[in-house]
Amino acid sequence: MNCTKIPGKNCEHQVMIYTLSTCGWCKKLKALLSALDVEHEYVDVDLLTGEELNSVREEVKKHNPRGSFPTLVIDQGAKVIIGFKEDEVKEALSG
Amino acid sequence: MMDGDEAKLWWAEENAKRNGFFLCPDRNLLDDLIEGLVKNDGRYGYGACPCRIASGLKAYDSDIICPCEYRDADVNEYGMCYCALFVSEEVSNDPSKMEPVPERRPIEAQDAAMEVKEKEEKRVEEVDGASMREEPSHEHIQVGVDEEGIPIWRCTVCGYLAARETPPPICPICKAKADKFERFGFGR
């Protein structure tokens, strides 16, 4: 899959975020993860096409049946945070 | 801010005033949302919600074209719409009350739109593939015209194809205007 890896010192969890390139809340989440220095990957789903778009949308729905963005998935679904929830993200990922 | 962004911001301000709403009190977020709307205007031909996935097919995205169908219900219940472009007076005065709004759009609506989008993409690929395969053996056929030499026009919004001298004034499928049509296969 065509995702972008952002390195960080805080790499104790595998963190994946599904985002949209135009979404202001997704942008806030990307900035928060970078500020917390959390290693993560993101994929801007609106920039995908065809089979890839389909399979990524299915992945999102598996973790978040409403298929909304941003969807943050920790350790392949051990914890899922839907929408920009700063406190929850900090609690789950910082230090 | 770009000119398009300023025009969109003006539109949003007017729309908010007319409907008794206020604009997002978080200035950075507001700018991002406006920029997202302008980007969607450019790539889809209409301002789909920047915080939702759009199919590019206007008929299937109509519920999420800003102001979306869910705005009033969300501002009533949560004090802001799904993306937060429009907020209530209370939230406008106290931005700390902003919190994520759960998605009200049924997933079935997103699925239906995206399924049709995928079919359209496949159809366009097949048409592209067919014309590419034919090129070497039919060198007399020009690219971007039909067998009789009439130009083919493609609607960039919904993929509709039309063979005629000039682009249709309005797309019969998605109602996009003539300027959304491009010469199909041109320059290949």
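The paragraphs below go through a predicted model, taking chain A, then the contact between the chains, then chain B.

The sheet of chain A is the place to start. It is an open sheet of five strands with mixed pairing, and the strand order is β1-β3-β2-β4-β5. Strands β1 (4-6) and β5 (79-82) of chain A stand at the edges, and each has a single partner strand, so one side of each is left without a neighbour in the sheet. On average, neighbouring strands of this sheet are turned by 20° against each other, direction ignored.

Two strand pairs of this sheet can be followed in detail. In the parallel one, strand β2 (residues 15-19) of chain A is joined by four bridges to strand β3 (residues 40-44) of chain A. Within that pair, A:Ile17 stands opposite A:Tyr42 of β3(A). Helix α1 (residues 24-35) of chain A packs on the sheet, where it touches β1, β2, β3 and β4 (71-74) of chain A. The direction of helix α1 makes about 160° with that of β2(A).

The other pair is β4(A) with β5(A), which is antiparallel and has four bridges. Here A:Val73 has A:Val80 in β5(A) as its bridge partner. The two strands form a hairpin with four residues between them, and in this hairpin A:Asp75 takes a positive phi near 45°. Most residues other than glycine have a negative phi, and most peptide bonds are trans. An exception to the second part of that rule is found at A:Phe69 and A:Pro70, which are joined by a cis peptide bond with omega about -5°. A:Pro70 belongs to the loop between α2 (50-63) and β4 of chain A. A further helix of chain A, α3 (residues 86-93), lies across β2, β4 and β5 of chain A and runs at about 160° to β5(A).

How many residues does each chain bring to the contact between chain B and chain A? Chain B brings 30 residues and chain A brings 25 residues. The two chains bury about 2,100 Å² between them, and 52% of this area is on carbon and sulfur atoms. Between chain B and chain A there are five salt bridges. One salt bridge across the contact is formed by the side chains of A:Lys61 and B:Asp111, at 2.9 Å from N to O. The count of residue pairs in polar contact between the chains, with both residues at pLDDT 80 or more, is 16.

On the side of chain B that touches chain A, α2 (27-44) and α6 (107-134) of chain B each supply at least two residues. Helix α6(B) gives the most to this side, with eight residues. By type, the residues of the side of chain B that touches chain A divide into 14 nonpolar, 13 charged and three polar.

Chain B has a sheet of its own to consider. Three strands of chain B form an open antiparallel sheet in the order β4-β3-β5. Its edge strands are β4 (161-163) and β5 (181-183) of chain B, each pairing on one side only. From one strand to the next the twist averages 30°. Strand β3 (residues 152-155) of chain B runs antiparallel to β4(B), and three bridges join the two. B:Arg154 has B:Leu161 in β4(B) as its bridge partner.

Salt bridges are also found away from the contact between the chains. A search of the whole structure gives 24 of them over all chains. In one of these, the side chains of B:Arg105 and B:Asp63 meet at 2.8 Å, N to O. This pair links distant parts of the chain, 42 residues apart: B:Arg105 is in the loop between α5 (89-93) and α6 of chain B, and B:Asp63 is in the loop between α3 (58-61) and α4 (71-78) of chain B.

The loop between α3 and α4 of chain B also holds B:Pro67. The peptide bond from B:Cys66 to B:Pro67 is cis, with omega near 0°. Further along, B:Ala84 lies in the loop between α4 and β2 (86-87) of chain B. The phi of B:Ala84 is near 85°, a positive value in a residue other than glycine.

Conventions
Residues numbered from 1 in each chain as written. Chains lettered and ligands numbered in written order. Predicted model: local features only at pLDDT ≥ 70, side-chain atom pairs only at ≥ 80, totals over all residues. Heavy atoms only, no water. Pairing = 2+ DSSP bridges. Axes fitted to C-alpha atoms, helices over the stretch in contact; angles between N-to-C directions. Contact = heavy atoms within 4.5 Å. Buried area = accessible area lost by both parts, 1.4 Å probe. Salt bridge = Lys/Arg side-chain N within 4 Å of Asp/Glu carboxyl O. Polar contact = N/O pair within 3.5 Å; in protein donor to acceptor, adjacent residues only side chain to side chain. Nonpolar A, V, L, I, M, F, W, Y, C, P; charged D, E, K, R; others polar.
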